Amino acid sequence: MNAMETVDSAPVEAIKKGMEEAGYLCDDGIATALFLADRLSKPILAEGPAGVGKTDLGKAYSRYRGLPLIRLQCYEGLDEAKALYEWNYKKQLLRIQADRDPEGSWRELEDDLFSEEFLLPRPLLKAITSDTRVLLLVDEVDKADVEFEAFLLEILSDFQVSVPELGTVSAKRMPFVVLTSNRTRDLSEALRRRCLYLYIDFPEQARELQIIRLRVPGISERLAERVLAVVRYIRGMDLKKVPSISETLDWASAVKVMGADTLDSALLSSTLSLLVKEQKDLEKVRRALPEVMRQAGRETC
Amino acid sequence: MPVDQKLLTFIGRLRESGLQVSIAESMDAFEALRVVPLDSMEPFRHALRATLVKSELDFPLFDAIFDSFFCGTEALLARPEDGGEEPAAGADPGDLSEQVRMALSGGNAADIVALARGAAAAIGRMEGGFGGGSRPLALMAGPGYYVFKGMEMLDFARMTRDLRTRAERGELAGDVPPALATERLLQDIELFRREFEREVVRLLALRRGEEAARRRKRLPVRPEEVDFLNASVRQIEEMRRVLPALARKLAARIARRHSAGRAGRVDVRNTLRHSISSGGVPLEVKYRKRVPAKPELWVLCDVSGSVRTFSDFTLQLVYSLHQQFKAVRSFVFIDRLDEVTSCFEKHDADDAIERVYRDAVVVDGDGHSDIGRALEMFDAGYAGELGPRSTVLILSDARNNARDPRAPALARTSERAGKVHWLNPEPRDKWDTGDSVIGAYEGHCEAVTECRNLKQLADFVYRKA
């Protein structure tokens, strides 16, 4: 490798370890993406099926690196006023009414009204003006309108915004940015170009088993294996909505809380709705229950 | 080749295959390679993928190009001989097969890889030493031949079927739940297959040069770009898999466009109500939403032979979007026409399609399409219900088996309906060749649109919905 010094794999391994301590198990792809995002100061765009832990990735990284988390949940109709800043109209009105002084000039009042005192910073402005480095989590960016996405671009490329009355505000410390998307629509090429792309899929068997054992403390290995077998078998069935990791974890905790150290068909049947949420899917799985139980293995505890 | 140059060539290869890589992105890739550990292949692959490929749908294409570029024959030849080269020398095929079976049941990756390599060497010896031996025919055989012969020698298909049955019954891996054991087994089988193939390629390249070993593998095509008319069974399966996502995305796009009409008239009432919170000063102006009218859709589907795949997908797509239309009525035909709207009212689009093929009466005569007759039946039976808000959508290749196209029937329908659109799954250059009579109908439609794959279909629906 000419001109490129060889770098050992320690930093990526360190990220994996740190994230694990923060309660999140990364595979190589995820750890490499986090590492690159940190080194290249680029936002990460994480896509993947619902409930595989895209949002959790951001939260866990903020715990691991001790970065304060600022979260912006996107939805249809989200606009600059709610994402960036807004003038506190009501406070301004009170100020005007409290100050009915015929002598006072409008100019003085105006300078006063449009000062930081009356500014309501929303997540994006907070992330930019923060004195310390923060983690900005822009959640479900696919739910926001196209116009908002375009506006986001400006912020993501320079990390500065202009507030007409106050001037340009640029970031003191570059925030670490994670965007998540459930792909309900295609994001623009421009946004994709500016981000590192990370696709998070359902994890491999061994890693998912580790995730269950990490997130449901005290679950026995045997029970975790059987829980996983049920989930992965159900995922292979032709369903409208397959059980996600978060649903798997909910279900595993429920099974554990109910004091069961084993898994039988009565227990599975009564808790199935935690795992499978579409009515039609539920009927389908119920019909296949004996086979599901068989696939989860014999009882040998 | 210096690394920078090689990376540039690689990016060029990606672009040639249709991936869009901007200059900014390729700079990111260079940047990434400067910081990422390069002591093994995977971080390298992850770094390039995160910076260069921005959609998961493009991953298979990227991986295929990456493999052939960075793990191609050149890299294989550079692999040091590892001693475990020919463990099965002189072994008879039965023994070898048994060893493979044991390794796959055991699930130890290193064993599986070693055996796959051994098996590749063994089949080479048996089949004339990869062209190095005395059989002249062996000089012409490519990697595909050896892979086929090798799998046959090992009785691989039957072995893996047996193993799978045992795994599903829970007889393979002791206490491990069968679902997990089966999944691991399938991965191991894939590992064996891949390693076997790579070793065949490597040995061939060693004996006869790289050219002989080149696999003429076609690069994967995105499911939404596969032609309806010549999709393989597997491709149709993949298309089925991506269709719900496509429909969801399309619905979101259409809904957004419908809601984009928010710059309607000022809503005085609402504005005044909101002004109360700012002391009666109307700081925020509220607007009334403008709701665009929805069209009423009539779909006529040709369900004969090869056009059927296309009609299937279109029907499914239309019905997953049904809330975007005021009403949808659907008809299928081969040489006669039958209404199938009721099938879709009670069932899922999937079940409904099955039902359509079971219940609809679409054949009178010999089972060859007669589009003219179907159009005439439609005109006679239903044209009275058409109005200016109705859109008629006809899906057919217009191959009429030399029968009368009966274009005047379509002309009459077209006069009553608001719009008539024709979607043809054939490529444009095949229109009006052979028994295609699309030209006779074209004048009576607002447009005849080429619609060869899911992508074109989705684009059409978006433009018209």
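Is Arg232(A) buried or exposed? Arg232(A) counts as buried, because its relative accessibility is 15% and the cut-off for burial is under 20%. This residue takes part in a contact between chains. Arg232(A) forms a salt bridge with Glu183(B). The closest N and O atoms of the pair are 2.8 Å apart. Glu183(B) lies in helix 10 of chain B and Arg232(A) in helix 11 of chain A, residues 221–236, so the salt bridge joins two chains.

The structure is a predicted model. Its scores are ipTM 0.84 and pTM 0.75. Chain A has an average pLDDT of 86, and 93% of its residues score at least 70. One stretch of chain A falls under 50, residues 1–6. For that stretch the model has 9 contacts beyond four places in sequence. Chain B averages a pLDDT of 81, with 87% of the residues scoring at least 70. Within chain B, confidence is highest in helix 2, at a mean of 92. Confidence is lowest in helix 5, residues 73–77, at a mean of 64. Over residues 83–89 of chain B the pLDDT is below 50. This stretch has 12 contacts in the model beyond near neighbours in sequence.

The interface was examined next. Contacts between the chains involve 51 residues of chain B and 48 residues of chain A. The size of an interface is often expressed as the accessible area lost when the parts come together. Between chain B and chain A, the buried area is about 4,400 Å². Carbon and sulfur atoms give 57% of that area. There are 3 salt bridges between chain B and chain A. Besides the pair formed by Glu183(B) and Arg232(A), Glu56(B) forms a salt bridge with Arg183(A). Here the closest N and O atoms are 2.8 Å apart. In addition, 13 residue pairs are in polar contact between the two chains, with both residues at pLDDT 80 or more. On the side of chain B that touches chain A, the elements giving two or more residues are helix 1 (3–16), helix 2 (23–35), helix 3 (41–52), helix 9 (156–169), helix 10 (178–208) and helix 12 (233–259). Helix 2 of chain B gives the largest share, 7 residues. By type, the residues on this side of chain B comprise 21 nonpolar, 11 polar and 19 charged.

Chain B itself has 20 helices and 6 strands. Of its 465 residues, 49% count as buried. Among contacts in chain B between residues at least 6 apart in sequence, 73% join residues at least 24 apart. Two serines of chain B were examined. Ser390(B) is found in strand 4, residues 390–395. Ser390(B) is buried, with a relative accessible area of 2%. Beyond four places in sequence, Ser390(B) touches Glu296(B), Trp298(B), Ala417(B), Gly418(B) and Lys419(B). Ser97(B) lies in helix 6, residues 93–106. Ser97(B) also counts as buried, at 13% relative accessibility. With neighbours within four places in sequence left aside, Ser97(B) is in contact with Leu154(B) and Met159(B).

Salt bridges were also searched for over the whole structure. The search finds 47 over all chains. Side chains of opposite charge can pair when their charged atoms come close. Within chain B, Arg452(B) forms a salt bridge with Asp227(B), with the closest N and O atoms 3.5 Å apart. This pair links distant parts of the chain, 225 residues apart. Arg452(B) is in the loop between strand 6 (447–450) and helix 20 (454–464), and Asp227(B) is in the loop between helix 11 (210–213) and helix 12. Arg452(B) is partly exposed, with a relative accessible area of 26%. Another salt bridge joins Asp359(B) to Arg358(B), with the closest N and O atoms 3.8 Å apart. Asp359(B) counts as partly exposed at 43% relative accessibility, whereas Arg358(B) counts as exposed at 56%. A network of salt bridges links Glu42(B), Arg45(B), Arg49(B), Asp63(B) and Asp67(B).

Backbone geometry was considered last. Most residues other than glycine have a negative phi. Phe159(A) has a positive phi of about 50°. Phe159(A) is found in the loop between helix 8 (146–158) and strand 6 (160–163) of chain A. Phe159(A) is buried, with a relative accessible area of 5%. Arg406(B) has a positive phi of about 50°. Arg406(B) is in the loop between strand 4 and helix 18 (407–416) of chain B. Arg406(B) counts as partly exposed, at 24% relative accessibility.

Definitions and conventions: Residues are numbered from 1 along each chain as its sequence is written. Chains are lettered from A and ligands numbered from 1 in the order in which they are written. Side-chain values use heavy atoms; hydrogens and water are left out. pLDDT is the predictor's confidence in each residue, from 0 to 100. Contact means heavy atoms within 4.5 Å. Buried area is the accessible area (1.4 Å probe) that two parts lose on being put together, summed over both. A salt bridge is a side-chain nitrogen of Lys or Arg within 4 Å of a carboxyl oxygen of Asp or Glu. A polar contact is a pair of N or O atoms within 3.5 Å; within protein, one must be able to donate a hydrogen and the other to accept it, and residues adjacent in sequence count only if both atoms are side-chain atoms. Helices (H or I, at least four residues) and strands (E, at least two) are DSSP runs, numbered from the N terminus. Ala, Val, Leu, Ile, Met, Phe, Trp, Tyr, Cys and Pro count as nonpolar, Asp, Glu, Lys and Arg as charged, and the others, Gly among them, as polar. Buried means under 20% relative accessible area, exposed over 50%, partly exposed in between (1.4 Å probe, protein chains only).
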